Amino acid sequence: MKGGGVGGGGGGGGKRRWKVLAIGVLVLVILSMLVPLAFLLGLHNGFHSPGIVTVQPSSTFDGLNRINATKHSQRDLPDRVDQVLQKINPVLPKKTEITEGYRDMNRTSISDSKNRGLPMSPVVVANPSPANKTITEVSHKGVEEATIVNADETQRTCQVKYGSYCLWREENKEPMKDAKVKHMKDLLFVARAYYPSIAKMPSQSQLTRDMKQNIQEFERILIVSSADADLPPQVDKKFEKMETVISKAKSFPVDCNNVDKKLRQILDLTEDEASFHMKQSVFLYQLAVHTMPKSLHCLSMRLTVEYFKSDSVDVEDSEKFSDPSLLHFVIISENILASSVVINSTVLNARESKNFVFHVLTDEQNYFAMKQWFIRNPCKQAAIQVLNIEKLELDNSDTKKLSLPAEFRVSFTSGDNLASQGNRTHYLSIFSQSHYLLPKIFHKLKKVVVLDHDVVVQRDLSPLWELDMEGKVNGAVKSCSVRLGQLKSLKRGGFDTNACLWMSGLNVIDLARWRELGVSESYLKFYKQQMSGGGESREAIALQATLLTFQDKVYALDDKWAVSGLGYDYYINTQTIKNAATLHYNGNMKPWLELGIPQYKSYWRKHLNREDRFLSDCNVNP
C-alpha cells in the first residue's frame, strides 16, 4: 500500500511540472510575438532611443497630455523672455519705453539724467501759443498736411526729450557704411519667415531649394562682412535673386501666423536697438558736453605748477581795481581759455583800453592757473584782477561757492510757423547765486558790465556806461521768442505772462541802485519762500526767484548789442552775426568743445593766443 501510494504521488508531481513548463513556453512564445508588435504599434514612446523620432502618440490620452504640455511650454516662453529682459533692462530698453516714454518727455529726460549721474540743463517745457491750435486743426483736413506736421512733430518731440542733441545729430549725419549689409539682413529675415510655409508645399520643391540656396549664400556672406566694402563684387546679382525668390514666395498662400510672428520679431528688435543706440548716443553727447576736455585740464595743471615754480611777481594795481571812474567788467568763470577770449576780444575792439578793468571771479582750484595765464599773457594797458571767490570775506559763507550762469533749456511741443521755424528749442541764461554777491564784492563801485565766459565781443562797449537806465537795475537784451506765460513750470502769481525773458551774457548792472533796492535780499527772500513749498528742483526755484526779483527792474538793451544762440542754433543769419556787438554761445555746443558748431568757431578762435607754449604742450586745439 505504501509503495503504491508513493509511486502514485511521484507521477502526479511530474505531470504538474510538465504543465508548468508548457505554460512557461507558451508565455514566452506569446511575449516574443507581443514585443515586436509593441514596437510596431508605438508602445515604446515612454522611452526614447537615439536616432528615432516619434511622430504618432500611443493613445488619445497621452497625445492630449503631450499637446497640452507643448502649449504650456509655448505659453511660458514669453514669460521667461520677459524675465530675462527684466534682468538686462538697464542695457536693453523694453518696447514700452519707446511708446510710453513720449507721454511725458520732460519727466523722462530729467529722470534719465539723474539715473546716469550726469549734470543736465534744467528743462522748461513751454505752452503752445494759440496759433498752434489752428495748425493742428488744419492738419486733419488732408493726409499730406498731416504727414508734414507729424514729421515736424517727431523732430520737435526729440528736441523736447533730448534738447540740442537732436539738432547736433541732424547736422552731423554721416553716410551709412553698412547700408547694403543691413539690407541683406532684412532680406534674409524675410526669407526665413516665408521658408517654413513654402517647404510644406510638395508642389513647390524647386522654390524651396532656391530659397534654401539663397538663404545659405546670404548667411555665408554676412559671416565675413560687416560693411559694404567687405561684400563680394557680384552681390547685386544675389540681391536680385533673393528679391525674386521672396516675391514668388509672397504669391502663395502661407501660414500667416508664422510670417507675422517672424516679422514682429524683427520689428521689436529694430525698435529696441534704435532706442538703445539713441539713449547711448545722448549719454555720450551729454558726457562730452559736461566734461572738461583733457587738454584744458592739462593746461590748468601746467599753469598751476608753473605759478609756484616761477619767480614772476604779480603786480596788481589795487587803486585801479576800486576806482569807480574807470570802466569795470566782471567775468565769472573757471575756464582759462574762455576768460582769455572774452578779455582779448573786448580789449581788441575798444577805442581806449587803458580805462578798462577786468575782474575774473573763479574758484580755488583754477585760481593760480588763471593768475599765471594773465601774468604770461597781459592785455595791452587793461588791468586784470583774478579773485578767488572762496577766499573772499563775505557775510554769508554758504554762497561763497562759485556758480556759473544757469542755462535752462526751453522746448516747445509745437511751433507757431512750421514752415519757417526749424527748431523750437531755446537755451536761456539766467543769473546764478554768485551774481548776487557782486554788490558786496565790489562795494566801492557804482556800475559794472557783467560778461559771461561764452561771449565774444565785436564792438567797443564803452557806450554802455553812458546809458540812462531810467532807474532800472539790470540792462539786458530781452528774448521775446519766449514769454513768461509760455513756461509751464512757473507759478502764475506775480508774473506778467506777456513779458519777454531777459538773458545774461551781456548785462549792465547799476550797483548803486541794486543796493538801494535791496535786490540780493529780495532774491534770498523769494528763494526761501519757494524752497519752503517743496516739490521742485533747486534750478526751477532759482529761475522763479530770479525772474520775480528782477520783475520791472530790467532795462531793455537794443538787440544789436547781443546775438544769442551760437551754442545750439545752426541757422543764425551771417549778417546778423556781423552786426552784433557781442556773440553769446549759450547752449551745449560751446566753441572750445569739439561738439561746437563749426561755422561759429572762427569768431572765437581768432581771439585765442596760440603762441603760448602750454597750448601746444597740452595739445589745445579748439
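How many aromatic pairs does the count come to? Keep that in mind; the tour gets there after the core and a sheet.

**Whole chain**

Start with everything shown. This is a predicted model. The chain holds 22 helices and 15 strands. Colour by burial: buried residues make up 44% of the 622 residues. Then turn to contacts with a separation of 6 or more: residues 24 or more positions apart account for 76% of them.

**The largest nonpolar core**

Select Leu 337, Ile 343, Phe 358, Leu 451 and Leu 583. Among the 74 residues of the largest nonpolar core, these five touch the most other members. Helix α14, residues 336-348, supplies the largest share of this core, with seven residues. A second core lies apart from it and has 44 residues, including Ile 389, Leu 428, Phe 495 and Val 554.

Now centre on Leu 451. Leave out residues up to four places away in sequence. What does Leu 451 touch? Its contacts include Phe 329, Val 330, Ile 331 and Ile 332. Val 342 and Thr 346 are also among them. So are Val 457, Leu 461, Gly 505 and Leu 506.

**Helix α14**

Select 336-348. Is α14 largely enclosed or not? Twelve of its 13 residues are buried, so the rest of the structure largely encloses this helix. The buried set runs through Ile 336, Leu 337, Ala 338, Ser 339, Ser 340, Val 341, Val 342, Ile 343, Asn 344, Ser 345, Thr 346 and Val 347. Polar side chains such as Ser 339, Ser 340 and Asn 344 are therefore on the buried list too.Check the length of α14. At 1.5 Å a residue, its 13 residues should span 18 Å, and the end C-alpha atoms are 18 Å apart, which agrees. Next, show Asn 335 at the start of α14. One of its side-chain oxygens comes to within 3.1 Å of the backbone nitrogen of Leu 337.

**A three-stranded sheet**

Display β8, β15 and β14. These three strands form an open sheet in the order β8-β15-β14, with mixed pairing. The edges are β8 (455-457) and β14 (563-564), each pairing on one side only. Zoom in on β8 and β15 (residues 582-584): three bridges join them, and the two run antiparallel. Which residue of β15 is the bridge partner of Val 457? Select Thr 582 to see that partner.

**Aromatic pairs**

Back to the opening question: the count comes to 19 aromatic pairs. Two are worth a stop.

Select Tyr 427 and Tyr 568. Their ring centres are 5.3 Å apart and their planes meet at 50°, so the pair is tilted. Tyr 427 sits in strand β6 (residues 425-430), and Tyr 568 in the loop between β14 and α20 (574-579), so the pair ties together parts that are 141 residues apart in sequence. Both Tyr 427 and Tyr 568 are buried.

Move to Tyr 436 and Tyr 523. Here the ring centres are 3.9 Å apart and the planes are at 10°, so this pair is stacked. Tyr 436 lies in the loop between β6 and α16 (438-441), while Tyr 523 is in helix α18 (residues 519-533); the pair links distant parts of the chain, 87 residues apart. Tyr 436 counts as buried at 6% relative accessibility. Tyr 523 is buried as well, with a relative accessible area of 2%.

For the last stop, widen the selection around that pair. Tyr 436 and Tyr 523 belong to one aromatic cluster with Phe 431, Trp 502, Trp 514, Tyr 527 and Phe 550.

Conventions: Residues are numbered from 1 along each chain as its sequence is written. This is a predicted model: local features need pLDDT of at least 70, side-chain atom pairs count only at pLDDT 80 or more; totals for chains, interfaces and linings use all residues. Side-chain values use heavy atoms; hydrogens and water are left out. A nonpolar core is a set of buried Ala, Val, Leu, Ile, Met, Phe, Trp, Tyr and Cys residues joined through side-chain atoms within 4.5 Å. Buried means under 20% relative accessible area, exposed over 50%, partly exposed in between (1.4 Å probe, protein chains only). Helices (H or I, at least four residues) and strands (E, at least two) are DSSP runs, numbered from the N terminus. Contact means heavy atoms within 4.5 Å. The expected span of a helix is 1.5 Å times one less than its number of residues. A polar contact is a pair of N or O atoms within 3.5 Å; within protein, one must be able to donate a hydrogen and the other to accept it, and residues adjacent in sequence count only if both atoms are side-chain atoms. Two strands pair if DSSP finds at least two bridges between them. Rings of Phe, Tyr and Trp (its six-membered ring) pair if their centres lie within 6.5 Å; planes under 30 degrees apart count as stacked, over 60 as edge-to-face and the rest as tilted.
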